[in-house]
Each structure stands twice: as C-alpha cells, then as structure tokens.
Amino acid sequence: MLYFVDGKFTKQDELCISIDDRGYYFGDGVYEVIKVYGGELFTAEEHFNRLFQSALKIKMTIPYSEQQLMDVARQLIDQNGIEDGHIYMQVTRGAAPRQHHFPTPAVPAVVTAYSVNGERPLSNMEKGVAIKSVADIRWLRCDIKSLNLLGSVLAKEEAREAGCTEAILHRDGLVTEGASTNMFGVKNGVVYTHPVTNLILEGITRQVVLGLCQELNIPVQEQAFTLAEAYAMDEFFYTSTTAEVMPVTEIDGRQVGDGKRGSLTEKLQQAFTERIAKKTVKNTI
Ligand SMILES: *Cc1c(COP(=O)(O)O)cnc(C)c1O
C-alpha cells in the first residue's frame, strides 16, 4: 500500500511525520473521507470543495489545488488497486515547535492521504442498526470537518459499549446529528433532518439524499426534532460516506416503527445505489 505524505508517495514503513505536526498536538487540521466504487471516486468534487471550505474556516491555506489533490486520490486508487473502499485525506497546519497560536513564520500545511479497501455495509443496510442517544458536548463549529474529534470519539465509544453502531447526539433534547453521520426521521411520509447550521456537519451524503428526495417527490423538512420525536418516527436512518443510507430500527432500546427497515428508507437506498452507478465516472486529470 502506498501512502501520500507531504508531497511524496511512500510505503508505510518508510513514511515519516514530525512529532511537531500540529495535527498531533492540537488536532489543528481538517479531513475528508471519499468513497471509491468500482475504482472510481464518488462525489469527489463536493468532498474537495468541502475540504477547502473547512481549511478556509480555520484560516489555513492548502498548498495544492483541488485538481492536484484529486489527482493524488486517483493515484492512490490506481497504485493500490482499490476497487471498493475509500480515500482518507487530512491537512494539518504544518510542523512547528508547540505553541497554540499559528506558527510564525508560517509553515506549509501538511497533506496526508491513504486508501482503504472496504465493502459496502450491505447486511446492516438491509437489517438496520441500533443507535444510542448521547449528549452533544462538541464545540459550536461542527460545520467544520475538523480533526478535533474528542466529542465524537467519546460518543461513539458510549454507543459501542451499549452494542450500538452510532450515537444520536442531542443538545438539550434536540437532535443534531450522529458522531460521524447525519440523522433523518420519517413521519407521515415527510423526511425530517436538522437544518444546516454551525451545529452539524453538512454531509455530502445528506446532500445527495435530499436531492434524491426532491427527484422522488418526497417532502423534506429541514427542521430539528427532539429525541422524543425521534422515538416516535415511522422510520429512521442515518447517512455518511461509508454508511450510505443506514436504516435505524432501534433508538435507546426502543423499536422504531415496526422494527424493520422502512419502505421509504429502502426506496432512498435503491435510488442511492442507482446514483452510484451513474455518477462514478472517470475524472480526467
Ligand atoms: C463526515 C461527517 C458526516 C457525514 O458526512 P458525509 O460527507 O456524508 O460523509 C456527518 N457528521 C459528522 C460529524 C461528520 O464528521
């Protein structure tokens, strides 16, 4: 497996990252996970756009163009022979002696990327999963896909210890999102999800699913709902690059709807799968 570290492709046992990297000290950086289907990147432009937006929001300059980073991702796919899986890419504010404020003089941001082989979670996508509510103790800039993930790490661990795949985060009872996913409920044929604010990360999968709802004439309300309302939804699901459209059949031990994958959820999964087939076209360099 080849890794991309600071401008070079290297093998794992040869790669070298500074102990002074600000990602290591402060989580001072941003990242993306981009899905690969059949050897092709999915919604790559959206992901690279968001990477640059996240960098801008933390006042960090990425020393590459979107096209160059896209090329890095494509090379990782080709060199490592990835058919289905994903690309992980992160950018940190560089390596400098440990001081909280930005390095002076400025140092170049460090880009790291690698590829991972992985199948789609087809079994869970059919069966559905259980999730657990956890208080959302994260900061107030959840719109940035930042490397600072302690709030999500603790929430995900709490969920895992309860035998759940994901944490459903809430601020004073209002559901925001998952630890690494966006949450959706369906009630009387209407899809509900938290609006795009500083309290959630605007998922690319969320965007794709909302687009599919529009195409399928499924009404959507981008409106926050409470945990109690979540329990009472007819259907529930969460989305992310790797989870795709994941049906939730249990929240805090309570059965959602009839305890099986919902029919509208299944319809969106089918539409999503069709979208994958249509949109994973070769990106020209
Ligand atoms: C990445 C992430 C998501 C999902 O975004 P996708 O672009 O769909 O993968 C949702 N919430 C958080 C907190 C995330 O970090």
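**Pockets, domains and strands of the predicted model**

Helix α5 gives four residues to the lining of the largest pocket, the largest share of any element. The model is predicted. About 880 Å³ of space lies in this pocket. Its lining counts 40 residues, and Y31, K145, L149, A179 and S180 lie nearest the centre. Besides α5 (150-161), the elements that give two or more residues to this lining are β3, α2 (44-57), β5, β9, α6 and β13 (235-240). By class, the lining of the largest pocket divides into 16 nonpolar, 18 polar and six charged residues.

The domain assignment splits the chain into domain 1 (2-117) and domain 2 (122-277). Their C-alpha centres are 26 Å apart. The two domains touch: 24 residues of domain 1 are in contact with 20 residues of domain 2. Both also take part in the largest pocket, whose lining draws at least three residues from each of domain 1 and domain 2.

A cavity was found as well. The search of the whole structure yields one cavity of 30 Å³ or more. The largest cavity holds about 50 Å³ of space. Its lining is made up of K35, F42, T43, H47, I204, T205, V208, T241 and F272. Four of the lining residues are nonpolar, four are polar and one is charged. Helix α6 (residues 204-215) supplies three residues, the largest share of this lining. Where does the largest cavity lie with respect to domain 1 and domain 2? Both domains give residues to its lining, so the cavity lies between them.

Next come the strands. Six of them form an open sheet with antiparallel pairing, in the order β2-β1-β6-β5-β3-β4. Strands β2 (8-11) and β4 (40-41) stand at its edges; each has a single partner strand, so one side of each is left without a neighbour in the sheet. The partner of β4 can be followed in detail. Strand β3 (residues 29-37) pairs with β4 in the antiparallel sense over two bridges. In one of the pairings, V36 has L41 of β4 as its bridge partner.

A second antiparallel pair is made by β8 and β9, over three bridges. The two strands form a hairpin with two residues between them, in which D172 takes a positive phi near 50 degrees. Strand β9 (residues 174-178) is mostly covered, with four of its five residues buried. On the other strand, β8 (residues 166-171), sits I168. Opposite I168 stands G178 in β9.

Is I168 buried or exposed? I168 has a relative accessible area of 0%, and therefore counts as buried. Neighbours within four places in sequence aside, I168 is in contact with I131, K132, S133, V134, V175, E177, M183, L227, A230, F236 and I251. A109 is a different matter. Its C-alpha atom is separated from that of I168 by 33 Å, and the two residues are 59 apart along the chain.

Some backbone features call for separate mention. Most residues other than glycine have a negative phi, and most peptide bonds are trans. E244 departs from the usual sign, with a positive phi near 55 degrees. This residue belongs to strand β14 (residues 244-251). E244 has 1% relative accessibility, so it counts as buried, the cut-off being under 20%. D252 also has a positive phi, near 50 degrees. D252 lies in the loop between β14 and β15 (254-255). With a relative accessible area of 25%, D252 is partly exposed.

The peptide bond between T104 and P105 is cis, with omega about -5 degrees. P105 is placed in the loop between β5 (85-92) and β6 (110-117). Both of these strands belong to the open sheet of six strands.

Notes:
Residues numbered from 1 in each chain as written. Predicted model: local features only at pLDDT ≥ 70, side-chain atom pairs only at ≥ 80, totals over all residues. Heavy atoms only, no water. 1 Å grid on protein atoms, 1.4 Å probe; cavity = no way out; pocket = protein on both sides within 12 Å on 5 of 7 lines; lining within 4 Å. Points joined across faces, edges and corners; volume = space filled by probe spheres on them. Nonpolar A, V, L, I, M, F, W, Y, C, P; charged D, E, K, R; others polar. Domains from an automatic or database assignment. Buried < 20%, exposed > 50% of the residue type's maximum accessible area, 1.4 Å probe, protein only. Contact = heavy atoms within 4.5 Å. Pairing = 2+ DSSP bridges.
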